[in-house]
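Subject: Structure for you to look at

Dear colleague,

Please find below the structure that I said I would pass on. I would be glad if you could read my notes beside it.

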Amino acid sequence: MLPCDEVTEAFAARRALIDDYLRKLAERTGAPGPLIEPLKRSITSSGKRVRGILTLAAGEAAGCKPEKLIDAAAAMEIIHTCSLILDDLPSMDDAALRRGAPTLHREFGEDLAILAAVSLLNHAYGLIAKNHAALNPRQWPLQQVIKRVVDAVGWDGTIAGQAVDLHSEGSKLDFDTLEFIHSRKTGALFVAAGAVGAMLGNISAAALSRIEVFAKNLGLAFQITDDILDVTGDPEQLGKDVGKDEQRLTFVKLAGVDGARKLSEELVDTSLSSIANLGAAAAPLRDLAEMVRGRAK
Ligand code: GRG
């Protein structure tokens with residue numbers, strides 16, 4: 001099984017839409033010589049595209065066709081890729097393998113990996129603004145959409161989670177701190193991915209709140225399955241190093257593999273109940289939750 005085969009048939013078309021968009025983007029970045037290959041490699045490296053699919057599925061819950069949200073979906077994937085490049089750096093996780101290939105800094109050097117990551121993040125904001133201009137959702141001005149992303153990435157978002165995670169190695173952590181770290185490192189981007197899709201689809205404020213609760217719980221469930229796979233997974237299948245969490249406290253260390261499985265199941269159930277009244281249009285969101293449930297079985 002390849003790393004992305006977890007994304008089941010149900011999402012093959014949406015994933016292909018995102019992959020196709022990213023392939024074209026990688027061919028026309030306009031970046032100068034030294035950045036061309038690092039950007040191409042990072043933009044096209046094969047991920048599961050879960051965050052982009054979440055953006056599309058949240059937009060569908062608002063009645064918007066996936067094709068109309070492709071800039072934003074790609075942007076969420078690009079931000080995620082940026083976070084992986086930074087996470088893999090020698091000063092952070094010092095990882096050798098990512099998405100079945102050497103990490104970006106091992107292939108192209110740390111300088112170009114950092115520059116590629118920062119330029120990806122920068123480009124992503126432009127793509128979301130472009131998508132907003134095309135759809136012009138009446139209820140959601142650009143500033144409010146962008147704020148979701150700024151907050152998710154920023155000093156109380158993904159970056160905060162990473163900082164606390166890196167600086168807590170060796171210390172005794174409790175469940176609350178672990179939840180703080182992962183609701184930011186992983187959950188925050190899930191919440192932004194759902195919110196951006198839903199807002200660009202011009203969703204109601206009440207339905208947006210439900211989708212945000214859905215994405216928060218799903219993001220945490222996804223992280224727990226990631227912790228489980230770090231212990232039980234095969235690096236070849238996952239396409240990345242396993243056992244990297246040995247020095248860190250994880251949900252598996254706190255609760256054991258079975259306890260972590262139970263916790264992720266509960267979070268998936270909570271995520272599903274939060275969107276129970278969103279009707280048939282939310283079916284892709286439900287399928288995505290079931291996919292996460294099946295990840296660490
Ligand atoms: C500036 C965006 C930004 C981040 C800086 C480095 C950092 C702060 C945060 C690291 C966040 C991180 C890498 C969290 C791990 C999340 C996670 C579960 C990654 C694996 O996601 P998958 O399985 O990967 O969806 P693929 O390769 O399939 O896309």
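The notes below take the ligand site, then the open and closed spaces, and then an aromatic pair.

This is a predicted model, in which local features need pLDDT of at least 70 and side-chain atom pairs count only at pLDDT 80 or more, while totals for chains, interfaces and linings use all residues. Residues are numbered from 1 along each chain as its sequence is written, and side-chain values use heavy atoms, with hydrogens and water left out.

The ligand is surrounded by 21 residues, the closest being Lys48, Arg51, His80, Arg99 and Gln162, where a residue counts as near if one of its heavy atoms lies within 4 Å of the molecule. Three of these side chains, those of Lys48, His80 and Arg99, make polar contacts with the ligand, a polar contact being a pair of N or O atoms within 3.5 Å (within protein, one must be able to donate a hydrogen and the other to accept it, and residues adjacent in sequence count only if both atoms are side-chain atoms). The distance to a ligand oxygen is 2.6 Å for Lys48, 2.8 Å for His80 and 2.8 Å for Arg99. Of the 760 Å² that the ligand exposes when taken alone, the protein buries 94% (accessible areas by the Shrake-Rupley method with a 1.4 Å probe; for residues, only the protein chains shown count as cover).

Helices α4 (70-88), α8 (158-166), α9 (175-200) and α10 (205-232) each supply at least two residues of this shell, and α4 gives the most, with six; helices (H or I, at least four residues) and strands (E, at least two) are DSSP runs numbered from the N terminus. By class the shell has seven nonpolar, seven polar and seven charged residues, with Ala, Val, Leu, Ile, Met, Phe, Trp, Tyr, Cys and Pro taken as nonpolar, Asp, Glu, Lys and Arg as charged, and the others, Gly among them, as polar.

For empty space, a 1 Å grid was laid over the protein atoms alone: a cavity is a set of points where a 1.4 Å probe fits but cannot get out, a pocket is an open set with protein on both sides within 12 Å along at least five of seven lines, and lining residues have an atom within 4 Å of a point. Points are joined across faces, edges and corners, and a volume is the space filled by probe spheres set on them.

The second largest pocket holds about 300 Å³, and its 14 lining residues include Ala152, Ser183, Gly187, Ala188 and Val191, which are the closest to its centre. Helix α9 gives the most to this lining, with six residues.

There are two cavities of 30 Å³ or more. The largest has about 130 Å³ of space and is lined by 13 residues, with Arg41, Ser45, Ile85, Arg98 and Leu104 nearest its centre; four of the lining residues come from α4, the largest share. The second largest cavity, of about 30 Å³, also takes the most from α4, with three residues.

Finally, the whole structure holds two aromatic pairs (rings of Phe, Tyr and Trp, the last by its six-membered ring, with centres within 6.5 Å; planes under 30 degrees apart are stacked, over 60 edge-to-face and the rest tilted). The pair of Phe175 and Phe251 is edge-to-face, because the ring centres lie 5.8 Å apart and the planes are at 70°. Since Phe175 lies in α9 and Phe251 in α12 (residues 251-274), this pair ties together parts that are 76 residues apart in sequence.

With best wishes
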